[in-house]
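Student: I have a model open on my screen and would like to learn how to read the space inside it. Could you walk me through it?

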Amino acid sequence: MTDLFRRLPASCWSAREGELALEGVKVSEIANAVGTPFYLYSAARLRENWRTLADALSPLGVAIHYAMKACANKAVVSILAAEGAGADIVSGGELTRALGGGIPASKVVFSGVGKTDAEIAQALRAGIHQINAESYEELWRIDRIAGELGVVAKVALRVNPDVDADTHAKITTGKKDNKFGVDAHRLGRLDNELKAMANLRLVGLAVHIGSQILTTKPFEEAYGRMRRLVLAMRERGHAIERLDLGGGFGIPYRNEQAPSAAEIAEVIRATVGDLGCALAVEPGRSIVADAGVLVTRVEFVKEGTERAFAVVDAGMNDLMRPAMYDSHHDIVPVRLPDADADFTTYDVVGPICESSDTFAKRRSLPRLAAGDLVVMATAGAYGATMAGTYNARALVPEVLVEAGRFAVVRRRVSVEEQLGWEASPDWLGSAAG
Ligand code: LLP
């Protein structure tokens, strides 16, 4: 039975009056106040995860740029900002969110293969630390826009090292058939072309090979490759002062062994620690994933011919990961089962009208009944940020808990409110509203 709780960190979860509580607040109390489903984050766990990584990396002088895409809620970002976090952004919207959460522009790096003119201009005007360019085409675009604004853009070139991250194909980014970065063997073009880019200064190189990487080997390979590239580039006269090593540090969703912060630090030290570069990483998942859960209520337990379905009120629109990547999230009942509780297997599904709306298949759980609350564990990363409103559903709220208190940090956005975002053209007449 203890296995049920393996993914709820003991540093912030406990039992209170026979129920799960986060930082001393009963989940049922929040559910009664806010309604379900909702995301629930622990401030203490966020800080703990941040500090574990920062403590391991700061002796090496590695700066941490939190990957905003994992969870961009203002309250979450402001907690990390207070810890000294920088940000890795992939859109102008994420820049606005990083600044809004209190991360200074001077600690922001901007990645992504398709930055628009407007986004590059926004970043340059804000004075961000660095743009990670992903192609020669983009270098020319940055140079042009920097020229128009009368500034010099500090740019790192993202390299595609052609290293297999050994993770899910949809979140692999460092193979040569992926759209990301410039192939290592095409860096020679920089020697001439950079000379013609008067408004751009190449300050370094960047790499990011994928996400949810569970062994150190892909990092060793990629960082080793970057080491050789930095040395080769320097030999050709480029002052490579910075090296951005990306994110991707995996975490356990069931019982996987993930590299520890200390192991990652050791790989960094051994591969690139002596280059004299200002080093940086861009982790997202490893900081927020296990600091958040999705809380949902069982609507029905439906007995089928072949299996029982626990139909919950969260859908794939609220937590997309299982539908998109077949990802696993532990499911834990909020009311703690008795020691001799009867277990049975369920398919845990949402209400959305497609079969991909399945959170778990044949999952062994203590017997559930309509009205029961359950939490989907390890949902803090790529949960709320990937949520949508498919099937005309409200946008799922987010709640933050800290030391016995809770606050709604994003309210539920009702369908009535969403309708207010829309308009019917005049020519459709008043019948359309
Ligand atoms: N840096 C860059 C350039 C990235 O593209 C990413 C993630 C990160 C950093 C952060 O990676 P992390 O440390 O979080 O692994 N939606 C997927 C994950 C997509 C990751 C995209 N890029 C999921 O739910 O698993």
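Student: By class, what residues does the shell around the ligand have?

Tutor: Start by sorting the shell into classes: there are 6 nonpolar, 7 polar and 6 charged residues. Keep in mind that this is a predicted model. In total, 19 residues surround the ligand, and the closest are Ser211, Glu282, Arg321, Tyr325 and Tyr382.

Student: Which domains does the shell draw its residues from?

Tutor: Domain 1 (3-42 + 293-419) and domain 2 (43-288) each supply at least three residues of the shell.

Student: Where should I look for polar atoms close to the oxygen atoms of the ligand?

Tutor: Try Arg321, where a polar side-chain atom lies 2.6 Å from a ligand oxygen atom. Then look at the backbone: a polar backbone atom of Arg285 is 2.8 Å from an oxygen atom of the ligand, and one of Gly248 is 2.9 Å from a ligand oxygen atom. As for cover, the ligand has 590 Å² of accessible area on its own, and the protein covers 92% of that.

Student: How can I tell where empty space is left?

Tutor: The general idea is to roll a probe the size of a water molecule over the atoms, which shows where space remains empty. In this structure, the largest pocket is the space that the ligand takes.

Student: How many cavities of 30 Å³ or more does the structure hold?

Tutor: It holds 2 of them. The largest cavity has about 40 Å³ of space, and its lining includes Cys12, Trp13, Arg45 and Asp290.

Note on methods
Residues are numbered from 1 along each chain as its sequence is written. This is a predicted model: local features need pLDDT of at least 70, side-chain atom pairs count only at pLDDT 80 or more; totals for chains, interfaces and linings use all residues. Side-chain values use heavy atoms; hydrogens and water are left out. A residue is near a molecule or strand if one of its heavy atoms lies within 4 Å of it. A polar contact is a pair of N or O atoms within 3.5 Å; within protein, one must be able to donate a hydrogen and the other to accept it, and residues adjacent in sequence count only if both atoms are side-chain atoms. Accessible areas come from the Shrake-Rupley method with a 1.4 Å probe; for residues, only the protein chains shown count as cover. On a 1 Å grid over the protein atoms alone, a cavity is a set of points where a 1.4 Å probe fits but cannot get out, and a pocket is an open set with protein on both sides within 12 Å along at least five of seven lines; lining residues have an atom within 4 Å of a point. A molecule sits in a cavity or pocket if more than half of its atoms lie within 2 Å of its grid points. Ala, Val, Leu, Ile, Met, Phe, Trp, Tyr, Cys and Pro count as nonpolar, Asp, Glu, Lys and Arg as charged, and the others, Gly among them, as polar. Domain bounds come from an automatic or database domain assignment. Grid points are joined across faces, edges and corners, and a volume is the space filled by probe spheres set on the points.
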